[in-house]
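Biologist: Please take a close look at the pockets of this model. What lines them, and which parts of the chain supply the lining?

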Amino acid sequence: MKTQLYINGEFTAPLKGGYFAAINPADESEFAQVASAESADVERAVKAARAAFDQGIWSEKTGAERALILRKVATGIRDNLQHLANLEMVDNGKPLPEAEWDINDAAVCFDYYANLAEKSDQQPVATVDVEDDRFDSRIWMEPVGVVAAITPWNFPMLMAVWKVAPALAAGCCVVLKPSELCSITCVELARIIHAAGVPAGVFNLLTGFGPDAGAPLSEHPLIDKIAFTGSVATGKSVMQAAATGIRSVSLELGGKSPFIIFGDCDLDKAVEWILFGIFWNKGEVCSATSRILVEDSIYPELLERLKTAAEQIVIGPGDKDGVKLGPLVSKSQYDKVLGFVERAKTSGARLVSGGAAASGFDKGYYIQPTIYADVPLDAEIWCEEIFGPVVCVVPFRDEQDALQKANASPFGLAGAVMSDDLDRCDRIAQKLRAGIVWINCSQPTFVQVPWGGFKSSGIGRELGEAGYNAYLETKQVTRFDHQQDWGWYASGESQNEQ
């Protein structure tokens, strides 16, 4: 397989003819050659999007007209669900059932934003009463313009859709740059969007590396908004690029999410949600609940049950029945996670389970599900985002102690609490400094509700109506009743001075 870029309604080779290998993390084999965009390709894509937006070929359609096409995209995704899920599994390493779940969610996302686009036609222009009845003031919502969407590798197609679907629904034009580690399903998304009848230039795809394609895209003066999901370090660079041009920016960055477990909960259910919260998608989840705080009365027993359950998790390639933990996405991520594990040996933390590469594999980036207990609160594994199947567990005394430990982090993407006392859960949820809080669960995500974090975890929100509004600008339109007298020039004095 050899992919192409998608620019101005056409699949095209990169101008300099560069390609790079797509590697299957399950067996380290090359399965595709991916087109590598550079600055000249960025220029083509951005100018195509700019022209499409300025000509109004998409933004001037009614919401219902855009919705019709977006629903065709959703149908195209569903019609190709198994093919897309297999590609996602091969490209990313996640188990096939998880990939199928992600692809279905992508279709749901397009349907949801199609509904919001359609609804926008029925929403009246907001009229605001002002203190001078000779004036009529209204508020219009308009598409922000040309959007640069830069997306990560952990949920390759779904994270792209979280940006592309609301941006298109709002009437924007998009240039999508997915991660070089996982680009294949975004290429397929471009095919589906093309087949659905999205006009040329409205959606463009640039595969390639950050320095070659992502940076010039972020810095391009014709971009109106940058929507980025990825690491804190890259997010800072994106924000600096946005600041240079005084452009809107949305950032969904890292996390180190706490999960507070109280002694009155069902321990088996607690173990199940802890496992899902950190080992789903191999721990390559920005919101993963990787810091577990357990009430001291149940601490030893929960650790023992957690160890037993983690050691029963089936590790292997994503197409093998029963596999719950696939390979990490790449050699670099595999080495990074093993580096954390190696340095943890001198951190003072107690290794409960795992802590090494998984045995029985000649090739592939497999790591055992790893549990640390009694972790010092200044240890690297407690403080830094690992982005792998590694979880840290510490005890706490009471609510105040749990909250202090949970909130002592530069991150604030998500958090969770488990207790049979729902009033206590609500108290904890209110005091957790996080944009997302789960009660008696971890990681459920729904397109209808907003997603985003506090502190270093980002700026802005995706999903829900907030995710749609992120691609709109607010315009004030004030009209003077020309039948009325103003008289400023004739009277020789300012109305404001009277």
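Modeller: What follows goes through the largest pocket and then the second largest. The model is a predicted one, and the volumes and linings below are computed from it.

The largest pocket holds about 880 Å³ of space. Its lining consists of 38 residues, and those closest to the pocket centre are Trp153, Phe228, Gly230, Ser231 and Thr234. Four elements each supply at least two residues of this lining: helix H7 (210-219), strand S10 (225-229), helix H8 (232-244) and helix H11 (331-344). H7 accounts for the largest share, with six residues. Sorted by class, the lining of the largest pocket comprises 16 nonpolar, 15 polar and seven charged residues.

The second largest pocket has a volume of about 550 Å³. Here 23 residues form the lining, and Ser120, Gln123, Met141, Tyr468 and Leu472 lie nearest the centre. Two or more residues of the lining come from each of helix H2 (63-79), helix H4 (96-122), strand S6 (135-143) and helix H15 (464-469). Among the contributors, S6 gives the most, namely five residues. The class division in the second largest pocket is eleven nonpolar, six polar and six charged residues.

To return to the main contributors, helix H7 provides the largest share of the lining in the largest pocket, while strand S6 gives the most to the lining of the second largest pocket.

Definitions and conventions: Residues numbered from 1 in each chain as written. Predicted model: local features only at pLDDT ≥ 70, side-chain atom pairs only at ≥ 80, totals over all residues. Heavy atoms only, no water. 1 Å grid on protein atoms, 1.4 Å probe; cavity = no way out; pocket = protein on both sides within 12 Å on 5 of 7 lines; lining within 4 Å. Points joined across faces, edges and corners; volume = space filled by probe spheres on them. Nonpolar A, V, L, I, M, F, W, Y, C, P; charged D, E, K, R; others polar.
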